[in-house]
Amino acid sequence: MKTATATKKSTPFMDDLRHTIFLWRKSKLTMIGSVIIAIFLLVAAFAPLIAPYSPTDQDLSVRLRGPSWQHLFGTDQFGRDIFSRVIYGSRIALWIIFLVSVISGSIGMFIGVVSGYFGKIVDDILMRITDMFLAFPSLILAMAFAAMLGPDLTNTIIAISIVSWTTYARLARAEAMKVKSQPYIEAVRATGGGNLRIMFLHVMPMCISPVFVQLTLRMGTILLTAAGLGFLGLGVQPPTPEWGAMVSAGRSFLIDQWWISTFPGIFIALVVLGFNLLGDGVRDMLDPRLRR
Amino acid sequence: MNFAAFLIRRLILMAVVLFGVACIVFVIAHLIPADPVGALLGGNAPAHVVDEMRAKLGYDQPLIVQFGRFISGAVRADFGTSLRTNKPVMEDIMYYFPATMELALVAIIISIFLGITLGVISAIHRNKWIDQFSRVFSILGVSMPVFWIGLILILVFYFRLDWLPGAGRLSLFTYAPPRVTGMYLFDSALAGQWSTFFEALKHILLPAIVLGYSATASVARITRASMLDVLRQDYIRTAKAKGLKRKVVTYRHALKNSLIPTVTIIGLVFGSLLEGAVLTETVFSWPGLGRYITTGLLSLDYPSVMGGTLYIAFIYCLANLIVDIIYALLDPRMRM
């Protein structure tokens, strides 16, 4: 591959990019994942155009109707259109995934870089704190935080962020430890750069890529945790169309009105599947051992 | 470093971590912006009754005193009295935990057998249809929400086909077997009550499959990856070159070494099982610890939430410790 493209005037960066695209196209599962996520993003962006009804308007005259052309996924006990609720639910899901990734990624990176850069006692203390958070099954800890903060959208995001920064902290720490002894860091220090400057301008950028890969791998998990909280009644509250809470709402109608729980669940599974396929693909594409 | 030193170091570390966990649990429980005494007595209770109750439960003490009492109690496995069931929390835990443990054990047995089989087959037939199938099966397992699979299986196998029961550990009219371990499968077998045994087995099947599915997926993925790694090693080529049968090479030489990463993942998987148990137990009305904590959270029952959560963290740490020990025994390099 490389030799064929290297004959023309091409930079190593372009070569690399071309090779990445080649790898992406070779893996069908990665492509499927990308397509699912692309559709998910489009649906979230254009929800008002796609959804035929409002996600929260009740119409008791059509309550508990099965799937039909008027109501593609049927209606719930308040006569709300499930298809529209699922479509709008993608916005909630995307918002949660996005914010949790940003917040937990930042917390993890900050703690990891500080820990790895200073080492010694700082490292010991921060890593023991990380261990404590790792000693909990994360859903149970998130449940406790959500209950403490009060169940709603913002608090769901905060609760999941608080429990999911640990992996990133460990990655960033490992990277920071590797980077801090490099000659260029010494050079920055020799020219008078302080600790803060070195940490945030010279060490942290090096940690972004491993943390970012891990973030894409974990996006599915974030959605699953949020849906789990919603299902238990400790997450986003109705009437907000959150998928997990919607599955839970359909539980009492499961025998005769199976569609209320089924469709939101399918969408959770699809989006998580998309993120998992894409995440696996990204990891494989960036793994130097598998790149050849 | 010898094995004893390794073990002592790990035990001390575990104590430190558990103390931290206790701090986190305490802080969370006391930051919940609601009044457990109010929730217990209802909104109409006269003020002096509320004050009396508060004093009786120790909620009028300064936080630091409450914390000291919580820690000194926790060390003696005494988490106080549940506000909801009015029994010592530890008694409740001992009552509910075997149900969770039984569920997790059956789930982990399913996932180990199925996961390793799938992983090995996948690795041997790399990129063939069976590999693709098992990869899709695995990735679906970690993608589908546990509670949703549970509901769908109940819908199909209980409501529609009526093959398996949908909720609980036994039918309404069956007496629980005499309590030895609290795990109905064990207890009924010990007592020789085979009809109860099969009933318990039928009840545990759906929740265990639901709970074990994502674990199966993780085990299969790890086994496949490490098996592929091992199959590339020189000694495998040597074994093949000296004329050993393919089966002997695969199962005797490769599988044994490729299982080391699988052993480590089982500790992690056990944690995810405890986590999944919360959701599975809710869906299947399974009277386990996960459901105990969830109901505790929803009804502001501080002592049961603190005790239950701490207990789960303890079990989780213990599982990881056991895995580390097994790992150290399997691979001496890890004792460093």
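This briefing describes a predicted model of two chains, A and B, by topic.

The secondary structure of chain A comprises 14 helices and zero strands, and that of chain B 13 helices and zero strands. Helices (H or I, at least four residues) and strands (E, at least two) are DSSP runs numbered from the N terminus. The model scores ipTM 0.84 and pTM 0.86. Residues are numbered from 1 along each chain as its sequence is written, and chains are lettered from A and ligands numbered from 1 in the order in which they are written. Because the model is predicted, local features need pLDDT of at least 70 and side-chain atom pairs count only at pLDDT 80 or more, while totals for chains, interfaces and linings use all residues.

**Confidence**

- The mean pLDDT of chain B is 83, and 95% of the residues score at least 70; pLDDT is the predictor's confidence in each residue, from 0 to 100.
- Among the elements of chain B, helix H2 (residues 36-41) has the lowest mean pLDDT, 69, and H5(B) the highest, 90.

**Chain dimensions and packing**

- The C-alpha trace of chain A spans about 75 × 55 × 25 Å along its principal axes, and that of chain B about 85 × 55 × 40 Å.
- Of the 292 residues of chain A, 46% are buried, and of the 336 residues of chain B, 41% are buried.
- A residue is buried if 20 or more other C-beta atoms lie within 10 Å of its own, exposed if 12 or fewer, and partly exposed in between, with C-beta atoms placed from the backbone.
- In chain A, 67% of the contacts with a separation of 6 or more are between residues 24 or more positions apart.
- In chain B, 71% of the contacts between residues at least 6 apart in sequence join residues at least 24 apart. Two residues are in contact if their C-beta atoms, placed from the backbone, lie within 7 Å.

**The contact between the chains**

- Chain B and chain A contribute 38 residues each to the contact.
- On the side of chain B that touches chain A, at least two residues come from each of helix H1 (3-31), helix H6 (129-141), helix H7 (146-160), helix H11 (246-283), helix H12 (289-298) and helix H13 (302-330) of chain B.
- That side of chain B holds 31 nonpolar, six polar and one charged residue. Here Ala, Val, Leu, Ile, Met, Phe, Trp, Tyr, Cys and Pro count as nonpolar, Asp, Glu, Lys and Arg as charged, and the others, Gly among them, as polar.

**The nonpolar core**

- The largest nonpolar core has 160 residues, of which Val113(A), Ala142(A), Met143(A), Leu223(A), Val21(B), Leu103(B) and Leu273(B) touch the most other members.
- Helix H5 (residues 89-124) of chain B gives the most to this core, with 16 residues.
- Such a core is a set of buried Ala, Val, Leu, Ile, Met, Phe, Trp, Tyr and Cys residues joined through C-beta atoms within 7 Å.
- Apart from neighbours within four places in sequence, Met143(A) is in contact with Leu229(A), Leu232(A), Leu234(A) and Leu297(B).

**Helix H12 of chain B**

- H12(B) is largely enclosed by the rest of the structure, because eight of its 10 residues are buried.
- The buried residues of H12(B) include Arg291(B), Tyr292(B) and Leu297(B).
- The cover over the buried residues of H12(B) includes helix H7 (138-149) and helix H11 (195-232) of chain A, together with H5, H11 and H13 of chain B.
- Leu300(B), which follows H12(B), has a positive phi near 55 degrees.

**Helices H1 and H4 of chain B**

- Phe19(B) is found in helix H1 of chain B and counts as partly exposed, with 14 C-beta neighbours inside 10 Å.
- Phe19(B) and Ile71(B) are 52 residues apart in sequence and 8.2 Å apart in space, C-alpha to C-alpha.
- The 13 residues of helix H4 (residues 63-75) of chain B should span 18 Å at 1.5 Å a residue, which agrees with the 18 Å between its end C-alpha atoms. The expected span is 1.5 Å times one less than the number of residues.
- Ala77(B), just after H4(B), takes a positive phi of about 55 degrees.

**Backbone features of chain A**

- Most residues other than glycine have a negative phi, and most peptide bonds are trans.
- A cis peptide bond joins Pro238(A) and Pro239(A), with omega about 10 degrees; Pro239(A) lies in the loop between H11 and helix H12 (243-249) of chain A.
- Leu64(A), not a glycine, has a positive phi of about 55 degrees and is placed in the loop between helix H4 (47-50) and helix H5 (82-118) of chain A.
- Lys120(A), in helix H6 (residues 120-134) of chain A, has a positive phi near 45 degrees and is exposed, with 7 other C-beta atoms within 10 Å.
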